Amino acid sequence: MMAVKLNEDKEVVARIKEGLKMKGGYCPCRLERTEENKCICKEFREQIKDPNFEGYCHCMLYYKSKD
């Protein structure tokens, strides 16, 4: 069973959440404010669907584990 959870580093989480607020919910690590970059971004949603993917999203806010 896979799980998606917040990064365990609370400082990283706080910084990214602040960036999300400033950018209206768009990934603070990406320049364009497009639907694909709205958190949770399209790239990570596709990685979540991939049963073989394990790791962080682009901005390190979320971590997907395989178990």
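Where does E32 lie? In this predicted model, E32 sits in the loop between α1 and α2. Its relative accessibility is 48%, so E32 counts as partly exposed. E32 and E54 are 22 residues apart along the chain, and their C-alpha atoms are separated by 26 Å.

The strands come next. Three strands, in the order β1-β3-β2, make up an open sheet. Their pairing is antiparallel. β1 and β2 occupy the edges and have a single partner strand each, so one side of each lacks a neighbour in the sheet. In general, strands of a sheet pair through backbone hydrogen bonds, in either a parallel or an antiparallel sense.

Strand β1 covers residues 3-6, and β3 covers residues 62-65. The two run antiparallel and are joined by 4 bridges. A3 has S65 of β3 as its bridge partner. L6 is partnered in β3 by Y62.

Strand β2 is made of residues 55-56. β2 pairs with β3 over 2 bridges, again in the antiparallel sense. Here G55 stands opposite K64 of β3. β2 and β3 form a hairpin, with 5 residues between the strands. Within the turn, M60 has a positive phi of about 75 degrees.

Helix α2 lies across β1, β2 and β3. Relative to β3, α2 runs at about 15 degrees.

The packing of side chains was examined next. The largest nonpolar core has 13 residues. Those touching the most other members are I16, L20, F44, C57, C59, L61 and Y62. Two elements, α1 (10-22) and α2 (42-49), give two or more residues to this core. The largest share comes from α1, with 4 residues.

I16, one of these core residues, lies in helix α1. Its relative accessible area is 10%; the cut-off for burial is under 20%, and I16 is therefore buried. Beyond four places in sequence, I16 touches P28, C29, C59 and L61. The contact with C59 links residues 43 apart in sequence. The C-alpha atoms of I16 and C59 are 7.4 Å apart in space.

F44 is another of the core residues listed above. Which residues is F44 in contact with, leaving aside its neighbours within four places in sequence? They are V4, F53, G55, Y56, C57, Y62, Y63 and K64. Two of these, G55 and K64, stand opposite each other in the pairing of β2 with β3. Y62, also a contact of F44, is the bridge partner of L6.

How many cavities of 30 Å³ or more does the structure hold? There is 1. The largest cavity has a volume of about 80 Å³. Its lining comprises 13 residues. C27, C39, C41, C57 and C59 lie nearest the centre of this cavity. C57 and C59 are also among the core residues that touch the most other members. C57 is in contact with F44, and C59 is touched by I16.

Note on methods. Residues numbered from 1 in each chain as written. Predicted model: local features only at pLDDT ≥ 70, side-chain atom pairs only at ≥ 80, totals over all residues. Heavy atoms only, no water. Pairing = 2+ DSSP bridges. Core = buried A, V, L, I, M, F, W, Y, C linked by side-chain atoms within 4.5 Å. Buried < 20%, exposed > 50% of the residue type's maximum accessible area, 1.4 Å probe, protein only. Contact = heavy atoms within 4.5 Å. Axes fitted to C-alpha atoms, helices over the stretch in contact; angles between N-to-C directions. 1 Å grid on protein atoms, 1.4 Å probe; cavity = no way out; pocket = protein on both sides within 12 Å on 5 of 7 lines; lining within 4 Å. Points joined across faces, edges and corners; volume = space filled by probe spheres on them.
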